[in-house]
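Subject: The structure we talked about

Hello,

Here is the structure I promised to pass on. Please open it alongside this email, and then read on for what turned up.

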Amino acid sequence: MTTDGYDVAILGSGMAGSMLAAVLARNGVKVLLVDQGTHPRFAVGESTIPYTSAMTRIIADRYRVPEIAALASFKGIQRHISQNSGIKQNFGFVYHREGVPQNPEEINQLKIPTALRTESHLYRQDTDAYLFAVAVRHGAHPRPGTRIEEITIDPDTGVELRAAGGVRFRAKYVVDASGFRSPLADAFDLREQPTRARHHSRSLFTHMIGVRPFDQAPAAALHRQPSPWHSGTLHHIFEGGWLWVIPFDNHPGSTNPLCSVGLTLDPRRHPKDEPDPQREFDDFLTRFPEIAWQFRGAVTTRPWVSTDRLQYSAKRMVGDRFCLTSHAAGFIDALYSRGLTNTMDVINALAWRLIAAARDDDWSTERFEYVETLQQGLFDVHDDLVYSSFVGFRDYELWNAVYRTWKIGTVLGTLVLEDAYVKFLRTGDDGLFRALEQGEHPGSPFPVSDQFNRFGPYTRDLCLAVENGSLSPSAAAAKVFHHIEDADYIPPVFNLADPANRFFHATPPKMLRAAQWGRKTAPPHVGSVITGAIGGVLRSRFSRRH
């Protein structure tokens, strides 16, 4: 049996595939949404960041799919999806040394500005099923439980997918939104072997019940961070790895007692010698008793997933009538929750091109070249950041410096999106988002500043020198802080050049001072973004109160 007539076939109905399908179907594109599995189902990638939520809101309004906006805030998820997701009010980092008591001065936290919104710990079983239903409601044709066995692409006529049982589907274009086991990557030998990623890590993860709030631990008694650890995503960091703790039960209205837990390790320092992931996790806890306190009495509610090396990449992500997106294209590490962010960036860039291609019946590869450039850039930027962070894990002084490369990028990058969104709401001009694609730094969170975009590679090169022994961690940290002090793109009110300033909280008064700096002192291309974004955010907050 052959099913004809689709404009776009999407492989994978997770968050990326279902959101893209909803956007395309809402805008008149005939979409086939194929998945080997069914919903609801387990998935990681559960922690949002302000950049992710800002881009989610942009996609909802730009493509006129209001249901997507529910995912842009904790309140939206609670009202429209379910009460199984957790709240996220901070990113927390607690530094540990094996065999040494945790130093209460060696902690870092970014408190999410409530003037923007409150972030979420997504219970993916619910959020992904919700998006799948939204896509179907808008007209996407669902084929769950369908395994694609063969893909044939003719650059002139289109795509044919052959499923188990002999069913064939025809489309003019195919988007692979699956994951590591990408059917397109396998069919056309698109994987980069070996991957170019510098970073090395593997992971084991699960959901647990009975994980205790770290705020109640004896080790946390002297911590003076601005927001409770349990109110956000907690990262226990140590030489060679990190452990995530993402609670879903951290607000009064929660109906979900679970907690997402994952241990990510550099296999060169922590080889995979123990085949049983539960035993490996237990062995890890014996070496870090202050972390172990949090898991005393906790039990897993599903089998552990234990991976080999996580990093993979693609030689090509876009070709004749196909595109690999997000996790089908490549992956670095869950650190900093960039997976969802990259997904939203790619959907926003790909969707309008597919809509235009369907309208014009022109599927030429040149129309999608930017998506290739964007995704390769996202991969390399995140690789530099996570590689540098893992080198920083060996020494708190260096980590305290390197961590700021992420903090600066995520704060300023969010302001770029907020500035464009505020202007879009005022004018309705879709070209504002297309203009963001014209910069010289695709994949960068803050593409408007050349100096910022030299900062990541500079930090990476310092960490390479630390790793090969030609530079001490202390000297590398000093150079990072010196760059921050001299930077022309960082509002001085944030005080990021001070190593003793380990907590970041952009309160409304600080945001006002940053806007004043942007208007009076900052380089024009930086100042206009910061002033526009902060002004829009604060006006929106004031109008909601009145």
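To begin with a small puzzle: is Ala500 buried or exposed? Before the answer, please keep in mind that this is a predicted model.

Ala500 sits in the loop that runs between helix 14 (473–486) and strand 19 (503–505). Its relative accessible area is 59%, and the cut-off for exposed is over 50%, so Ala500 counts as exposed. Across the fold, the C-alpha atom of Ala500 is 9.1 Å from that of Asn400, although 100 residues separate the two in sequence.

The loop of Ala500 has another residue worth a look. Asn495 is also placed between helix 14 and strand 19, and its phi is near 55°, a positive value in a residue that is not glycine. With 38% relative accessibility, Asn495 is classed as partly exposed.

Now for the overall picture. The protein chain has 546 residues, for which a compact globule would have a radius of gyration near 24 Å; the chain has 23 Å, so the two agree. Along the principal axes, the C-alpha atoms take up a box of roughly 65 × 60 × 50 Å. The secondary structure amounts to 16 helices and 19 strands.

As for the inside and the outside, 61% of the 546 residues count as buried. The chain exposes about 20900 Å², and 51% of that comes from carbon and sulfur atoms. The chain carries 60 positive and 60 negative charges, and the mean positions of the two sets lie 6 Å apart. Looking at contacts between residues at least 6 apart in sequence, 74% of them join residues at least 24 apart.

Several single residues illustrate such links. Where does Thr410 sit? Thr410 belongs to helix 11, which covers residues 396–427. Its relative accessible area is 10%, so Thr410 is buried. Leaving out neighbours within four places in sequence, Thr410 is in contact with Ile49 and Leu110. Ile49 is 361 residues away along the chain, yet the C-alpha atoms of Thr410 and Ile49 are separated by 8.2 Å.

Leu335 is another buried residue, with a relative accessible area of 0%. You will find Leu335 in the loop between helix 8 (326–329) and helix 9 (338–360). Which residues does Leu335 touch, not counting those up to four places away in sequence? They are His235, Trp242, His382, Val386, Ser389, Phe390 and Phe393. For Ser389, 54 residues away along the chain, the C-alpha separation from Leu335 is 9.1 Å.

A separation in sequence can also go with a wide gap in space. Ala292 and Pro492 are 200 residues apart in sequence, and their C-alpha atoms are 39 Å apart. Ala292 itself is part of helix 7 (residues 289–292), and its relative accessible area of 17% falls under the 20% cut-off, so Ala292 counts as buried.

Next, some backbone details. The peptide bond from His39 to Pro40 is cis, with omega near -5°. His39 lies in the loop between strand 2 (31–34) and helix 2 (50–62), and Pro40 is placed between strand 2 and helix 2 too. The side chain of His39 reaches the backbone oxygen of Ser13 at 2.8 Å. Apart from neighbours within four places in sequence, the contacts of His39 are Ser13, Asp128, Ala129 and Phe132.

A cis peptide bond is also found from Gln193 to Pro194, where omega is near -5°. Pro194 falls in the loop between helix 5 (183–187) and strand 11 (202–209).

Finally, Arg321 is not a glycine but has a positive phi of about 65°. The loop that holds Arg321 runs between strand 17 (318–319) and strand 18 (322–324). Is Arg321 buried or exposed? Its relative accessibility is 10%, so Arg321 counts as buried.

If you would like a quick tour in the viewer, these are good places to stop:

- Ala500, the exposed residue from the opening puzzle
- Thr410, in helix 11
- Leu335, with Trp242 among the residues it touches
- His39 and Pro40, joined by a cis peptide bond
- Arg321, with its positive phi

Enjoy looking around, and do write back with any questions.

Best wishes

How values were computed
Residues are numbered from 1 along each chain as its sequence is written. This is a predicted model: local features need pLDDT of at least 70, side-chain atom pairs count only at pLDDT 80 or more; totals for chains, interfaces and linings use all residues. Side-chain values use heavy atoms; hydrogens and water are left out. Helices (H or I, at least four residues) and strands (E, at least two) are DSSP runs, numbered from the N terminus. The radius of gyration is taken over C-alpha atoms; the globule rule is 2.2 Å times the number of residues to the power 0.38. Buried means under 20% relative accessible area, exposed over 50%, partly exposed in between (1.4 Å probe, protein chains only). Contact means heavy atoms within 4.5 Å. Accessible areas come from the Shrake-Rupley method with a 1.4 Å probe; for residues, only the protein chains shown count as cover. Lys and Arg count as positive and Asp and Glu as negative; His and the chain ends are not counted. The place of a charge is taken as NZ of Lys, CZ of Arg, CG of Asp or CD of Glu. A polar contact is a pair of N or O atoms within 3.5 Å; within protein, one must be able to donate a hydrogen and the other to accept it, and residues adjacent in sequence count only if both atoms are side-chain atoms.
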